[in-house]
Amino acid sequence: MATTVYNVEEIELQNGAKVKLKPLTIKALRKFMEEIKKTEKSANEGETLSVLIAACGIAIESQLPDLVKDTDKLEEALDMPTISRILEVCGGI
């Protein structure tokens, strides 16, 4: 019997959608980290928030691809505590 080395956490987004959070695969993590690196060049909080939202999109796109495709809907589904939790669980940030 295999042993899972990570925990899976289910959260509910602001729009009622449920997402299971777990660490990203290496392939997805590379894409995620490229997005997070953009925060270094952010000129203001708005730009930083946009980068964090995009990073969350990368983390949940396999589960909710239609939501991630529509930036407005994605922004409506997220809040700061949820963004923080997604970044922590999926990206280790």
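Helices here are DSSP runs of H or I with at least four residues, numbered from the N terminus. The model shown in these views is predicted.

**View 1. Overall fold of the protein chain, with five helices and two strands.** From the N terminus onward, the elements run in the order β-β-α-α-α-α-α. The radius of gyration is 13 Å, close to the 12 Å given by the globule rule for 93 residues, so the protein chain is as compact as a globular protein of that length. The C-alpha trace spans about 50 × 30 × 20 Å along its principal axes. Among contacts with a separation of 6 or more, 52% join residues 24 or more positions apart.

**View 2. Surface and charges of the protein chain, whose accessible surface is about 6400 Å².** Carbon and sulfur atoms contribute 51% of that accessible surface. Of the 93 residues, 34% count as buried. The protein chain has 12 positive and 16 negative charges, and the mean positions of these two sets lie 9 Å apart.

**View 3. Serine 42 in the loop between α1 and α2.** The loop that holds serine 42 follows α1 (residues 26-37) and leads into α2 (residues 45-60). A polar atom of the serine 42 side chain lies 3.4 Å from the backbone oxygen of lysine 38. With residues up to four places away in sequence left out, serine 42 touches Glu47, Thr48 and Val51.

**View 4. Threonine 48 in helix α2.** Threonine 48 has a relative accessible area of 25%; this value falls between the 20% limit for buried and the 50% limit for exposed, so threonine 48 is partly exposed. Not counting residues up to four places away in sequence, threonine 48 touches Thr39 and Ser42. The contact with Ser42 links this view to the loop residue of View 3. Isoleucine 36 is twelve residues from threonine 48 in sequence, and their C-alpha atoms are 8.9 Å apart in space.

**View 5. Glutamate 35 in helix α1.** The relative accessible area of glutamate 35 is 15%. Buried means under 20%, so glutamate 35 counts as buried. Beyond its neighbours within four places in sequence, glutamate 35 is in contact with Val51, Ala54, Ala55 and Ile58. Val51 is also one of the residues touched by serine 42.

Key
Residues are numbered from 1 along each chain as its sequence is written. This is a predicted model: local features need pLDDT of at least 70, side-chain atom pairs count only at pLDDT 80 or more; totals for chains, interfaces and linings use all residues. Side-chain values use heavy atoms; hydrogens and water are left out. The radius of gyration is taken over C-alpha atoms; the globule rule is 2.2 Å times the number of residues to the power 0.38. Buried means under 20% relative accessible area, exposed over 50%, partly exposed in between (1.4 Å probe, protein chains only). Contact means heavy atoms within 4.5 Å. Accessible areas come from the Shrake-Rupley method with a 1.4 Å probe; for residues, only the protein chains shown count as cover. Lys and Arg count as positive and Asp and Glu as negative; His and the chain ends are not counted. The place of a charge is taken as NZ of Lys, CZ of Arg, CG of Asp or CD of Glu. A polar contact is a pair of N or O atoms within 3.5 Å; within protein, one must be able to donate a hydrogen and the other to accept it, and residues adjacent in sequence count only if both atoms are side-chain atoms.
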